[in-house]
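Open the model in your viewer and keep the selection tool ready. We will go from stop to stop, selecting residues as we go.

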Amino acid sequence: MLLEICANSYQSAKNAQEAGAHRIELCSELSIGGITPSYGLIQQVITELEIKTFVLIRPRSGNFCYSEAEFEIIKKNIQVCKDLGCHGIVSGVLNSDNTIDIKRTQELIALSHPLPFTFHRAFDMVPNPTEAIERLIDLGATRVLTSGQQPKAIDGLDTLKMLKQQAQHRITILVGSGISSENAKVFKNEGFHEIHASASEIINSESSSYFGNTPQTVSSLKEIKTILNVITNEI
């Protein structure tokens, strides 16, 4: 089983590599679901680390229905990632009714080529996941990051199993949200091949009247190693 770590900083990416994770999804601001990381962060991770790096391309928090200006930003960021030598793109676009925006997503997949394309957790908002999976397969997406349309993947297990059965290896179901060393083995036992976790620990919880009280987190070396031990132990 492959472990992808959602890394929100250079230190998180470095910890993921040192702990032995197979891949990272590099982003910023996990507290709002993740947005595109800065050029400087992407460049430093690609230049100084060796871990396979997929980059989240999401221009803002909120919904996944974008204006023309926002869509242009998404496309420019994908090109930047390709130019910097990233290994994969994580993105996606929805219509106002939360169905997949076929035309725009197709354009993003084509622009990302030859890099693999992960359709992110916007998928968990679609009204008909079985239909949406077929559309993503038709478009050529490599994988879909999903919690089975529940806040935590463990609660969406039945839907995840259904999607995996439907996919029949035509697209990878990357299971994410709430994955930890306590439940990772469940997904391995169900036959999933990839899981996605932040493995976060709080390193600073200071609050400010100006900047709020969002804790500062980093991916934990210990938790990543524990997850890896759980999914590689055959017992």
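Start with what a pocket is. Lay a 1 Å grid over the protein atoms alone; a pocket is an open set of points with protein on both sides within 12 Å along at least five of seven lines, and its lining residues have an atom within 4 Å of a point. Grid points are joined across faces, edges and corners, and the volume is the space filled by probe spheres set on the points.

This is a predicted model: local features need pLDDT of at least 70, side-chain atom pairs count only at pLDDT 80 or more, and totals for chains, interfaces and linings use all residues. Residues are numbered from 1 along each chain as its sequence is written, and side-chain values use heavy atoms, with hydrogens and water left out.

**Stop 1: the largest pocket**

Select L30, G33, R121, S177 and H196. These residues lie nearest the centre of the largest pocket, which is lined by 21 residues. Its volume is about 530 Å³. Now colour the lining by class. Ala, Val, Leu, Ile, Met, Phe, Trp, Tyr, Cys and Pro count as nonpolar, Asp, Glu, Lys and Arg as charged, and the others, Gly among them, as polar. You should find 9 nonpolar, 7 polar and 5 charged residues.

**Stop 2: S177**

Keep S177 and hide the rest. S177 sits in the loop between β7 (172-176) and α7 (184-189). Helices (H or I, at least four residues) and strands (E, at least two) are DSSP runs, numbered from the N terminus. Is S177 buried or exposed? It counts as buried, because its relative accessibility is 14%. Buried means under 20% relative accessible area, exposed over 50%, and partly exposed in between (1.4 Å probe, protein chains only).

Next, show P151. The side chain of S177 reaches the backbone oxygen of P151 at 2.5 Å. Widen the view to contacts, meaning heavy atoms within 4.5 Å. Leaving out residues up to four places away in sequence, S177 touches R121, S147, P151, K152, A153 and H196.

**Stop 3: the second largest pocket**

Select N8, T214, P215, Q216 and T217. Which pocket do they point you to? The second largest pocket holds about 290 Å³ of space. Of its 14 lining residues, those five are the closest to its centre. β9 (200-204) and β10 (216-219) are the elements that give two or more residues to this lining. β10 gives the most, with 3 residues. By class, the lining divides into 5 nonpolar, 8 polar and 1 charged.

**Stop 4: A13**

Select A13 in helix α1 (residues 10-19). A13 is buried, with a relative accessible area of 0%. Its contacts, leaving aside neighbours within four places in sequence, are A7, I24, V45 and L49. Add L26 and draw a distance. A13 and L26 are 13 residues apart in sequence and 7.5 Å apart in space, C-alpha to C-alpha.

**Stop 5: helix α3**

Select residues 68-84, helix α3. How far apart are its end C-alpha atoms? They are 25 Å apart, which agrees with the 24 Å that its 17 residues should span at 1.5 Å a residue. The expected span is 1.5 Å times one less than the number of residues.

Now pick out the buried residues of α3: E70, F71, I74, K75, I78, C81 and L84. An α-helix has 3.6 residues a turn, so residues three or four places apart point the same way. Turn on the cover too, which includes α2 (39-48), β3 (52-56), β4 (88-91) and α4 (102-112). Step past the end of α3 to G85, whose phi is positive, near 95°.

**Stop 6: F119**

Move to strand β5 (residues 117-119) and select F119. F119 counts as buried, at 0% relative accessibility. Not counting residues up to four places away in sequence, F119 touches several residues, including S91, L94, I100, L136 and V144.

**Stop 7: backbone details**

Select H113 and P114. The peptide bond from H113 to P114 is cis, with omega near 10°. P114 lies in the loop between α4 and β5.

Next comes N98, in the loop between β4 and α4. Phi of N98 is positive, near 70°, in a residue other than glycine. N98 counts as partly exposed, at 24% relative accessibility.

Finish at H169, in the loop between α6 (157-167) and β7. H169 is not a glycine, yet its phi is positive, about 65°. Is H169 buried or exposed? H169 counts as exposed, because its relative accessibility is 74%.

Definitions and conventions. 1 Å grid on protein atoms, 1.4 Å probe; cavity = no way out; pocket = protein on both sides within 12 Å on 5 of 7 lines; lining within 4 Å. Polar contact = N/O pair within 3.5 Å; in protein donor to acceptor, adjacent residues only side chain to side chain.
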